[in-house]
Amino acid sequence: MSIVIKDATDIAGMRIAGRLASEVLDYITPFVVAGVTTGELDRLCHEYMVNVQGTIPAPLNYCPPGYTPYPKAICTSVNDVICHGIPGDKVLKNEDVVNLDITVIKDGYHGDTSRMFCIGTPKPFAKRLNDITYECMWLGIDQIKPGAHLGDIGFVIQQHAEKAGYSVVREFCGHGIGKVFHEDPQVLHYGRPGTLTELKEGMIFTVEPMINAGRREIKEMPDGWTIKTRDRKLSAQWEHTVLVTATGYEVLTVSAGSPPPPDFITNKSA
Ligand code: MF3
Ligand code: CO
Ligand code: CO
């Protein structure tokens with residue numbers, strides 16, 4: 001296996017796919033309220049992708065080795081669901097927290113991004129987990145530049161999560177992305193500085209830490225997709241698709257409604 005270095009044509013295509021994935025999240029945001037079902041959110045996103053954007057929902061019928069085809073257009077992971085929650089009849093209620101994970105394909109290129117949403121006013125412990133996880137993602141992203149290593153990303157994410165009393169999910173990771181949904185490299189959200197693959201200009205991969213409020217162990221549900229925390233405590237995740245540039249990084253999954261980066265990114269002196 002080897003890492004694809006993207007050329008200017010690829011990068012232009014990935015910028016478009018990334019923006020479109022983020023725009024699905026912008027579009028769906030006002031619908032993420034108490035009383036809506038996860039299935040309705042899926043239906044709305046699916047329609048928007050196909051009919052408004054002319055994109056293909058990459059999850060639909062996605063079938064990695066050992067899996068059954070994924071049956072829906074998006075992933076909706078509520079409360080103790082870590083990832084790959086399948087949309088259905090579940091009604092969102094006040095104080096739920098839900099990750100919506102969107103992957104679109106446009107002109108053959110994939111854009112992959114997710115955000116956390118709170119229904120009503122979140123419990124302080126849920127908001128803290130969401131905020132720390134968001135910071136974890138951005139701390140990881142901020143390591144990215146040619147000459148840095150994948151282990152640098154995992155290290156800062158793990159440090160920040162564990163300092164807060166949380167744990168990092170090991171079984172799922174970020175991934176290279178382009179014309180293929182999941183390609184090399186794997187981007188672990190834990191690790192040691194200076195280890196693993198050296199980053200090079202033109203690599204594109206996701207950073208998508210899954211952080212658990214309690215223990216890191218997971219449990220797979222009988223549907224073959226849904227992953228929950230074994231201790232049934234909350235889990236949170238944020239995801240961006242990122243390009244390694246000559247001097248650092250460019251986040252590709254940005255749109256008008258993207259939440260601003262944390263202050264420690266915005267206030268950096270160059
Ligand atoms: N979007 C997820 C990721 O970030 C993958 C979902 S696979 C699916 O890698 F089939 F569940 F949609
Ligand atoms: Co991803
Ligand atoms: Co995703």
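Six donors around a metal count as octahedral if opposite donors are over 155 degrees apart and all others lie between 65 and 115; an arrangement that fits none of the set patterns is called irregular. Keep that in mind while looking at this structure, which is a predicted model.

**The cobalt site**

Let's start with the cobalt ion (ligand 3). Its protein donors come from Asp 101, Asp 112 and Glu 239, with Asp 101 listed for two OD donors, and they sit 2.1 to 2.3 Å from the metal. Around this ion, six donor atoms subtend angles of 59 to 165°, so the arrangement is irregular. For a sense of the ideal, six octahedral donors would give angles of 90 or 180 degrees.

Along the chain, the donors follow the spacing D-x10-D-x126-E. Asp 101 belongs to strand β4 (residues 97-106), while Glu 239 is in the loop between β13 (235-237) and β14 (240-244), so this pair, 138 residues apart, links distant parts of the chain. Are Asp 101 and Glu 239 buried or exposed? Both of them are buried.

This cobalt ion has a partner, too: the cobalt ion (ligand 2) is 3.4 Å from ligand 3, and Asp 112 coordinates both.

**Helix α4**

Now for a helix. α4 (residues 150-163) has 14 residues and reaches 20 Å from its first C-alpha to its last, close to the 20 Å expected at 1.5 Å a residue. Ten of those 14 residues are buried, so the rest of the structure largely encloses α4. Among the buried ones are Leu 150, Ile 153, Val 156 and His 160.

What do the buried residues of α4 pack against? The table shows their neighbours.

| Element packing against α4 | Residues |
|---|---|
| Helix α3 | 124-141 |
| Strand β6 | 167-168 |
| Strand β8 | 183-187 |
| Strand β9 | 204-207 |
| Strand β10 | 210-212 |

Just after α4 you'll find Gly 165, which takes a positive phi of about 90°.

**The nonpolar cores**

The largest nonpolar core has 33 residues, and those with the most contacts inside it are Ile 144, Ile 153, Leu 199, Phe 205, Val 207 and Ile 211. Two or more residues each come from α3, α4, β9 and β14, with α3 giving the largest share, eight residues.

Take a look at Phe 205. Leaving out residues up to four places away in sequence, Phe 205 touches Ile 144, Leu 150, Ile 153 and Leu 199, along with others including His 175 and Val 244. There is also a second, separate core of 22 residues, which includes Ile 28, Leu 41, Val 78 and Phe 117.

Methods: Residues are numbered from 1 along each chain as its sequence is written. Chains are lettered from A and ligands numbered from 1 in the order in which they are written. This is a predicted model: local features need pLDDT of at least 70, side-chain atom pairs count only at pLDDT 80 or more; totals for chains, interfaces and linings use all residues. Side-chain values use heavy atoms; hydrogens and water are left out. Donors are N, O and S atoms within 2.8 Å of the metal (3.2 Å for Na, K and Ca); water is not among the atoms, so sites may look incomplete. Four donors count as tetrahedral if all angles lie between 85 and 135 degrees; four count as square planar and six as octahedral if opposite donors are over 155 degrees apart and all others between 65 and 115; anything else is irregular. Helices (H or I, at least four residues) and strands (E, at least two) are DSSP runs, numbered from the N terminus. Buried means under 20% relative accessible area, exposed over 50%, partly exposed in between (1.4 Å probe, protein chains only). The expected span of a helix is 1.5 Å times one less than its number of residues. Contact means heavy atoms within 4.5 Å. A nonpolar core is a set of buried Ala, Val, Leu, Ile, Met, Phe, Trp, Tyr and Cys residues joined through side-chain atoms within 4.5 Å.
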